[in-house]
Amino acid sequence: MVEAGSPERPPVRAADGEQGELFPDASLPDELVGYRGPAACQIAGITYRQLDYWARTKLVAPSIRTAHGSGSQRLYSFKDILVLKVVKRLLDTGVSLHNIRVAVEHLRVRGVRDLAKVTLFSDGTTVYECTSPEEIVDLLQGGQGVFGIAVSGAMQEISGTIHEFPAERADGGVIESVVPDELTQRRNSRRTG
C-alpha cells in the first residue's frame, strides 16, 4: 500500500493539457472516439460547472480535444470519463480537491497497466492505493473508518451506459453503430414499456 504522493513514489508532472497514459490497454474504446461535455457530465454524474472547472484547472483535461475559444467543444475519451467518475466519488466522500489531485497524479505517474485491479481507499483525508488483499487488510487493521472505490466497478458502470450517448470521432470519421446484444435489447424494452 502506497500513499498517493508519498516519498516512495514522488509526483511527476504531466505536460500541460495531457491526461497522461492511465490506461494503455488496447481493449478500451478507440482513442479517437469521444464524448462532448454534456454527455461526459451525464455519464460521470457531475455538473457541467464541475467539468469546466476541472478542465480549466487541469485536474481532468479532455485528452481527445480541448476547447479552443468560444463555441469549440471539448471531447472526452472513455478514459477521461472514468477518471471523472472516480474524482466525483472521492469528492462525494469528503476528500479534498487537493488530495484528489495528488491521487490522480499518482495514478498517472505510476503508469498502472491494469487499473481494474486497483482499489482506492480514503479515510477522508488521505487517499491510498491498494492492489492486493493484504494491503487492504493492513489498511483496515488501523482501526480507522475508511471507504473504498474499486476502479473496476466504475469502469463497468461506464461501459454499461456509455453506448447510450452520442459519440464522435476527433478525425471526423464515421462511428460504426454497434448492434446491441440480446441482454441490452431486453433491458431497453423493459425501460420503454
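**Exercise 1.** In this predicted model, determine whether D92, with 53% relative accessibility, counts as buried or exposed, and then characterise the salt bridge that joins D92 to K88.

*Solution.* Begin with the accessibility of D92, which is 53%; because exposed means over 50% relative accessible area, D92 counts as exposed. Turn next to K88, whose relative accessibility is 18%; since buried means under 20%, K88 counts as buried. The closest N and O atoms of K88 and D92 are 2.8 Å apart, and the two residues form a salt bridge. Finally, place the pair in the structure: K88 and D92 both lie in helix α3, 4 residues apart, which is about one turn of the helix. In an α-helix there are 3.6 residues a turn, so residues three or four places apart point the same way.

**Exercise 2.** Identify the helices that are linked by the salt bridge between R89 and E157, and classify the accessibility of both residues.

*Solution.* The side chains of R89 and E157 meet in a salt bridge, with an N to O distance of 2.3 Å. R89 lies in helix α3 and E157 in helix α6 (residues 151-161), so the pair ties together parts that are 68 residues apart in sequence. As for accessibility, R89 has a relative accessible area of 24% and is partly exposed, while E157, at 37%, also counts as partly exposed.

**Exercise 3.** Describe the span of helix α3, how many of its residues are buried, and what follows the helix.

*Solution.* Helix α3 covers residues 78-92, 15 residues in total, and reaches 21 Å from its first C-alpha to its last, close to the 21 Å expected at 1.5 Å a residue. The helix is mostly covered, with 12 of its 15 residues buried; among them are F78, I81, L82, V86 and L90, together with the charged residues K79, D80, K85 and K88. After α3 comes G94, whose phi is positive, near 100°.

**Exercise 4.** How many salt bridges does the structure hold, and which parts of the chain does the pair R74 and D52 link?

*Solution.* The structure holds 7 salt bridges. In one of them the side chains of R74 and D52 meet, at 2.8 Å from N to O. This pair links distant parts of the chain, with R74 in the loop between α2 (48-56) and β3 (75-76) and D52 in helix α2, 22 residues apart. The accessibilities complete the description: R74, at 13%, counts as buried, whereas D52, at 22%, counts as partly exposed.

Technical notes:
Residues numbered from 1 in each chain as written. Predicted model: local features only at pLDDT ≥ 70, side-chain atom pairs only at ≥ 80, totals over all residues. Heavy atoms only, no water. Helix = DSSP H or I, 4+ residues; strand = E, 2+ residues; numbered from the N terminus. Expected span 1.5 Å × (residues − 1). Buried < 20%, exposed > 50% of the residue type's maximum accessible area, 1.4 Å probe, protein only. Salt bridge = Lys/Arg side-chain N within 4 Å of Asp/Glu carboxyl O.
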